[in-house]
Amino acid sequence: MPPAVEIVGLTRVYPPAGKRATARTALDGIDLVVERGEVHGLLGPNGAGKTTLCKILSTVLLPTAGVARVDGYHVVKDTAQVRARIGIVFGGERGLYTRLTARQNLGYWAALYRVPRKIATRRIVELLDRVGLADRADERVETFSRGMKQRLHLARGLVADQRVLILDEPTTGMDPVAAHDFRALVRSMRAESRTVLLTTHDMAEAEAICDRVTMIDGGRLLGTEDPRTIGRWISAYERVEARPVPGSLAASLAALNGVTEVESIDDDGVRVHTAAEGATQAVLRTLVDAGVTAITTGRPSLEEVYLHVIGARGLAV
Amino acid sequence: MTQPPSAAGQDGAPTRFAPPTQRDAESGYAPTVEPPATAGRVAATFEALRYACLSALADLAVIYTWKTWTFGWLARVLCQVAFFALIGRLLQNPATTDYLLIGSAVVIVTMEAAFVTASSTWERGAGTLPLLVAAPTGPFVVFVGRSIQWLISGTASANIALFVLAPIFGVPLAFPTALAAIPLIVLIALSSYCFALLLAAFVLRVPTFRNIVGNITWWTIGLLGGVQVPVTFWPGWVGAIGEVLPLRHGLAGVRVAIAGGPAATILRDAGLEIAVGAGWLVVAALAFRRLAEGGRRTGSIEFGE
Amino acid sequence: MTSMDLRDGRTLRLPWPRHTGFVAGARLQLAIFRRGWDSLLALVTVPLFTIAFLAITRHAGRTDLTAYAVLAPAVVAVIGMAILTSGEVVTQDRSNGSLELALAAPSRFPIVVVGRVLVVTLVSLVAVVEAWLVAWIVFGVRVPVPHRTAFAGALAVATLATVGTALLMSSVFVAARSARTFQNTISYPLYLLGGAFVPVPLLPGFLHPLCRAVYLSWATDLLRDCLATKPVPDFWPRLGAVAGLGAVGFAAGYAILIRVVDRARATGRVGHE
């Protein structure tokens with residue numbers, strides 16, 4: 001069976017237009033495979049090319065070069081088949097008919113996806129129940145909260161039983177409880193072997209629900225990795241954080257074998273970077289002997305890796 | 001610092017992800033239902049149209065209450081028709097009064113149908129355009145249905161203006177033939193709507209011009225259609241353009257009907273109006289397909305826009 | 001009293017308060033016009049109105065009414081812009097979220113609105129030039145202005161009176177429940193009652209008192225008389241009527257706007273949000 005998404009050498013160049021005198025490369029030779037049933041995150045700053053990639057996969061945009069396949073179907077040559085299989089889930093307020101009810105919105109999109117009416121009626125009831133909107137089904141969408149609209153978006157993306165879903169920053173602007181509930185829904189997609197491609201800025205979210213994440217910047221793919229092991233992009237070894245650590249103790253830590261750096265954090269804490277086997281134990285022993293009790297160990301977080309790889313841009317986009 | 005591994009992996013092939021084996025076994029993955037046969041597609045298209053019309057009616061209920069429609073919009077329409085009819089009084093020419101009143105009343109339906117160029121851009125504002133392009137049915141069906149509120153309002157206001165103001169201004173109505181004006185106005189509404197849909201396909205690219213295009217449209221159709229002056233007033237080539245525009249033939253039919261003229265003439269004008277409308281509907285469908293394809297090429301269809 | 005420090009070190013003292021809000025509003029409106037054609041809709045339709053009106057009069061063989069046919073589109077456009085653009089000045093701020101910020105700023109908000117409305121009204125005068133040009137280009141018709149000074153004076157006073165009415169509209173629209181319906185509704189009634197094309201005496205008698213209560217019918221009659229060859233009768237009293245009624249509109253608009261602002265501060269809501 002072909003993978004859910006297969007991308008080879010995908011490129012999208014925008015020719016010079018208007019005030020912009022040079023061509024802009026939004027995607028530059030991307031290669032990526034997303035297997036069935038995978039929840040795959042796309043991380044990158046604004047303008048990195050995440051949305052461009054999503055638009056190409058959903059057939060809303062043509063690539064300039066390269067190949068993209070969804071479920072084995074070519075996004076340019078087999079557009080109709082791709083459209084029947086892919087569901088787009090936006091984040092935010094856009095993309096819903098606010099003056100219609102939730103049920104009517106889903107009926108609408110079911111019709112546009114040519115779902116036979118009987119099947120559509122049954123499926124809409126199931127979907128509304130699943131996303132927790134069953135008792136608000138016949139209320140106008142304009143009365144919904146942000147979280148409810150997002151859940152309706154997800155239902156909309158599933159109305160034709162699409163196997164591949166693209167979620168474009170779905171939890172932007174959601175309060176933590178709503179976002180948490182939404183993520184649980186996304187996780188349930190995995191159990192049905194649906195493939196989810198998710199663009200997000202939220203590192204915690206990516207770590208929580210993605211099987212793998214891909215970092216994109218400037219149209220280029222920087223790497224793909226399981227978020228739980230992505231720390232090894234920066235360091236193969238653990239780091240130790242502890243507080244309070246006076247200056248003398250910090251100096252003795254720095255002198256230990258295998259310690260590459262002792263970084264000050266907060267007012268009185270340190271982060272000890274190691275680069276050798278067994279160094280962590282030595283550091284821990286030293287700290288415990290000195291009476292320090294607030295100690296944590298770990299690999300670099302996804303956020304750290306992101307900031308490290310994408311780079312500090314200040315406020316520039 | 002180690003470099004992140006590239007997606008190409010060490011052997012140059014894309015890195016593959018091996019899902020836990022239980023998923024493949026238990027998922028019971030079934031291919032998506034293939035697009036249904038032709039009868040099913042037609043049914044689905046009508047279903048989509050039905051929902052689009054539902055959306056239009058929901059909009060209508062928000063735009064107008066019956067009070068605001070009657071005392072607001074209808075009052076304005078009556079003033080608009082009276083404004084032009086009174087010019088005949090200034091000219092001290094009753095025939096001009098009759099001519100202007102009938103023309104100004106009927107063009108109301110074209111004016112409202114032209115709102116579709118503006119209201120179509122609401123799809124862009126609502127962020128649904130990319131979703132429509134990505135859906136199997138495509139966007140045209142939705143655009144056909146989602147602005148029909150203007151047809152309903154326009155047909156009602158034009159007919160009311162004609163049959164209420166004509167006796168007030170002393171315009172003779174030859175009943176029962178004059179009643180043929182009602183279905184003729186409906187036909188003009190539909191053909192104007194089809195023409196305005198074509199322009200909507202262009203205005204979606206430049207939504208800032210939506211109101212300007214809408215207004216220029218109905219004014220031009222009116223000028224070339226014999227609303228203010230007979231088409232013979234204009235130079236030949238200008239008048240000829242009006243032959244293929246909505247309103248011209250239908251309005252001629254309305255004038256004949258009100259004067260109690262022959263049914264054959266009325267039917268011929270009705271037939272021409274239908275033909276004009278059908279022609280523009282086809283062109284509009286092609287324009288929307290081009291919009292979608294062009295948008296895919298240039299990237300002008302934004303996500304969440 | 002305003003003090004301004006000049007570059008050469010001197011200090012300029014002006015005997016009036018420095019209304020930076022007025023200037024800010026005016027400049028904002030100019031910037032908005034540069035960016036968006038939609039707010040100039042009324043000017044785009046001037047050629048169409050002119051062609052229609054001139055076609056009617058010429059088809060009827062009434063070249064004596066050419067001046068009426070050319071003035072009317074200009075009047076329609078000026079009032080049209082007052083309704084469409086001036087009327088939306090405050091409601092637009094409310095919908096794009098900048099109204100609360102404007103109310104919280106030091107400049108007095110009604111003054112800002114006056115600045116914006118003045119710019120809109122001045123820009124709408126382009127319609128006069130447009131109508132004259134279209135008449136000449138399309139029909140080869142030149143409309144002379146026999147009483148130039150009187151015409152200029154009447155136009156200037158009518159413009160200021162329009163500013164007053166436009167201010168009234170912008171305040172009423174934000175206070176009313178459904179501004180958009182209002183906007184689409186009052187255009188033609190105003191053109192009709194204001195005698196934009198057909199003078200008020202030709203309207204049904206029961207409408208005359210209503211027409212005369214609005215500055216517009218006085219202004220259109222006066223402007224038409226300035227385009228006629230014979231001397232303009234009762235010029236100054238009629239000009240006074242335009243000015244006076246315009247001032248009433250201005251005062252009413254300003255008062256309503258102040259009330260809207262005060263209520264916004266008290267209730268946290270602006271008009272019927």
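These legends go with close-up views of cavities in a predicted model.

**View 1. Cavities in the predicted model.** Counting those of 30 Å³ or more, the model has three cavities. The largest holds about 150 Å³ of space, and the second largest comes in at about 70 Å³.

**View 2. The largest cavity and the residues around its centre.** In all, 16 residues line this one. If you want somewhere to start looking, C:Val75, C:Val78, C:Leu155, C:Ala158 and C:Leu223 are the lining residues that lie nearest the centre of the largest cavity.

**View 3. Helices and chemistry around the largest cavity.** Three elements of chain C, namely α4 (66-84), α9 (148-175) and α12 (215-226), each give at least two residues to the lining of the largest cavity. Sorted by class, that lining has 13 nonpolar residues and three polar ones, with no charged residues.

**View 4. The second largest cavity, lined by residues of chain B.** Here the lining is made up of B:Gln80, B:Phe84, B:Ser104, B:Val107, B:Trp218, B:Trp219, B:Gly222, B:Val227 and B:Gln228. On chain B, α3 (66-90), α4 (94-113) and α11 (210-225) are the elements that put two or more residues into the lining of the second largest cavity.

**View 5. α11(B) at the second largest cavity.** With three residues, α11(B) supplies the largest share of the lining of the second largest cavity. As for the chemistry, this lining splits into five nonpolar and four polar residues, and again no charged ones.

Key. Residues numbered from 1 in each chain as written. Chains lettered and ligands numbered in written order. Predicted model: local features only at pLDDT ≥ 70, side-chain atom pairs only at ≥ 80, totals over all residues. Heavy atoms only, no water. 1 Å grid on protein atoms, 1.4 Å probe; cavity = no way out; pocket = protein on both sides within 12 Å on 5 of 7 lines; lining within 4 Å. Points joined across faces, edges and corners; volume = space filled by probe spheres on them. Helix = DSSP H or I, 4+ residues; strand = E, 2+ residues; numbered from the N terminus. Nonpolar A, V, L, I, M, F, W, Y, C, P; charged D, E, K, R; others polar.
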